[in-house]
Amino acid sequence: MAERLKSQFLEEEKIVDLVVGPDAYKDLPNLLSEVEEGRDAINVILSKDETYGDISPVRLMSNGITALVSITRGCDNMCTFCVVPFTRGRERSREPQSIMNEIQDLWSKGFKEITLLGQNVDSYLWYGGGLKKDFENATEMQKATAVDFDQLLEMVAVGFPKMRIRFSTSNPQDMHESILHVIAKYPNICKHIHLPVQSGSNRILKEMNRLHTREEYMTLIDKIRSIIPDGAISQDMISGFPTETEEDHQDTLSLMEYVKYNFGYMYSYSERPGTLAGRKMEDDVPETTKARRLQEIVDLQQKHAWLRSEEFIGKTVEVLVEKVSKKSTEEFSGRNSQSITVVFPKENYKIGDFVNVKITSCTSGTLKGEAVGYSNMN
Ligand code: SF4
């Protein structure tokens, strides 16, 4: 917003005195002085090394149980529909010790689950600071002591064995087999991979500048299934990207049939100003066609979510209790390792407990069951 709309806010509409980009918070005292002296102030420069590593977030709306921990900022991928590389800058990773310190602080405050967060977590690489793209110019010492995502995830899993660990988001071309073995090895790393693909058509993937093919994505899915057999996979999908034909759309549906995702986040394409697609591609798929294709994607996802949910019936899953169920005050709601919502009668359990729940029924998005005891994560 700050980057894209700075002149509109400051000059045209004159509705603000101060525009601060996401990486400019350390400049706030100077900027405020400018404003106090009657001048408009602006700093939207994106940093090469700012990772907010020494900032302790104020966790508004926190449930006190689950928390997000940022590990990277920015993205180097340049998907043609995406505004992130322009608004968040190039990719840089946060110092591992500051990540561990933040998790330690959360643990001491009673949090039970963290999600390591970044636009492309599998690409995490700490070598002493700076942009990921500059790693090739790092010193031999920096290269020898660099920490990648496999190592970071293992450090967190070993350092906090009673803390549940999630991560998001993964990018198919950066998710290597080694990370799958780390996920499989540690019971406290959740068995859920959010793996956006956006389209099942190779032609559209190329137009989107996604750096993988449909076949490479399917090979990765096969690897996930063989290394983490009980893992859940979720998707992001866009319908109606510029030039998308009916055949491209059918490729998306057939890829979904291949994977049978547990759940997903589905959108119809809308142009983002400043992106390559926004500047160079005509938004030429009619809105009615986009909407119809999106509905077909959503309907298919709904069908697969049912199939995946039914697979849990009769099984016992470990649930971290997060809150009282919205539908009944007599029930708790939490998620299992696969990030599926589970609802069960409260009994004497409390929020923050890890409870083993035997699943007896389901809907497409929720599992229902009965508690059978505490899990050994408590
Ligand atoms: S869609 Fe994701 S991977 Fe692609 S540029 Fe945006 S943030 Fe990066």
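Modeller: A definition first: two strands pair if DSSP finds at least two bridges between them. The model under discussion is predicted.

Biologist: How many bridges join β13 to β16?
Modeller: β13 covers residues 316-324, and β16 covers residues 354-362. The two strands run antiparallel. At least two bridges are needed for a pair. The number joining β13 to β16 is five.

Biologist: Which residue of β16 is the bridge partner of Glu-318?
Modeller: Strands of a sheet pair through backbone hydrogen bonds, either parallel or antiparallel. For β13 and β16 the sense is antiparallel. The bridge partner of Glu-318 in β16 is Asn-356.

Biologist: Which residue of β14 stands opposite Lys-323?
Modeller: β13 also pairs with β14, residues 331-335. That pairing is antiparallel and has four bridges. Opposite Lys-323, in β14, stands Ser-333.

Biologist: How many residues does the hairpin between β13 and β14 pass through?
Modeller: β13 and β14 pair in the antiparallel sense. A hairpin links these two strands. The number of residues it passes through is six.

Biologist: Which strands stand at the edges of the sheet β3-β6-β9?
Modeller: This sheet is open and has three strands, with parallel pairing. A strand with a single partner has one side left without a neighbour in the sheet, so the edges are β3 (66-70) and β9 (164-168).

Biologist: By what angle are neighbouring strands of that sheet turned against each other on average?
Modeller: The order is β3-β6-β9. Direction is ignored in this angle. The average is 25°.

Biologist: Which residue of β9 stands opposite Leu-116?
Modeller: β6 spans residues 113-117. Five bridges connect β6 with β9, and the two run parallel. Opposite Leu-116, in β9, stands Phe-167.

Biologist: Which are the edge strands of the sheet β10-β11-β12?
Modeller: Three strands make up this open sheet, and the pairing is parallel. An edge strand here pairs on one side only. The edge strands are β10 (192-194) and β12 (263-268).

Biologist: What is the average twist from one strand to the next in β10-β11-β12?
Modeller: The sheet is open, in the order β10-β11-β12. From one strand to the next, the twist averages 10°.

Biologist: Which residue of β12 is the bridge partner of Met-237?
Modeller: β11 runs over residues 232-239. Six bridges tie β11 to β12 in parallel. The bridge partner of Met-237 in β12 is Met-266.

Biologist: Which residues does the cis peptide bond join?
Modeller: Omega of this bond is about 5°. One of its residues, Thr-169, lies in the loop between β9 and α7 (177-185). The bond joins Ser-168 and Thr-169.

Biologist: What value is phi of Thr-243 near?
Modeller: Thr-243 belongs to the loop between β11 and α10 (246-259). Its phi is positive, in a residue other than glycine. The value is near 75°.

Biologist: How many residues of the shell around the ligand are charged?
Modeller: The ligand sits in the largest pocket. The residues around the ligand include Cys-75, Cys-79, Cys-82, Gln-119 and Arg-210. Seven of the shell are nonpolar and three are polar. The number that are charged is one.

Biologist: How far apart do the end C-alpha atoms of residues 1-37 lie?
Modeller: An unreviewed UniProt entry annotates residues 1-37 as "domain: MTTase N-terminal". The span is 54% helix and 8% strand. The distance between its end C-alpha atoms is 25 Å.

Notes: Residues are numbered from 1 along each chain as its sequence is written. This is a predicted model: local features need pLDDT of at least 70, side-chain atom pairs count only at pLDDT 80 or more; totals for chains, interfaces and linings use all residues. Side-chain values use heavy atoms; hydrogens and water are left out. A residue is near a molecule or strand if one of its heavy atoms lies within 4 Å of it. On a 1 Å grid over the protein atoms alone, a cavity is a set of points where a 1.4 Å probe fits but cannot get out, and a pocket is an open set with protein on both sides within 12 Å along at least five of seven lines; lining residues have an atom within 4 Å of a point. A molecule sits in a cavity or pocket if more than half of its atoms lie within 2 Å of its grid points. Ala, Val, Leu, Ile, Met, Phe, Trp, Tyr, Cys and Pro count as nonpolar, Asp, Glu, Lys and Arg as charged, and the others, Gly among them, as polar. UniProt positions are given in the numbering used here, feature names are shortened, and annotations may be inferred rather than shown by experiment. Axes are lines fitted to C-alpha atoms, for helices over the stretch in contact, and angles run from 0 to 180 degrees between N-to-C directions.
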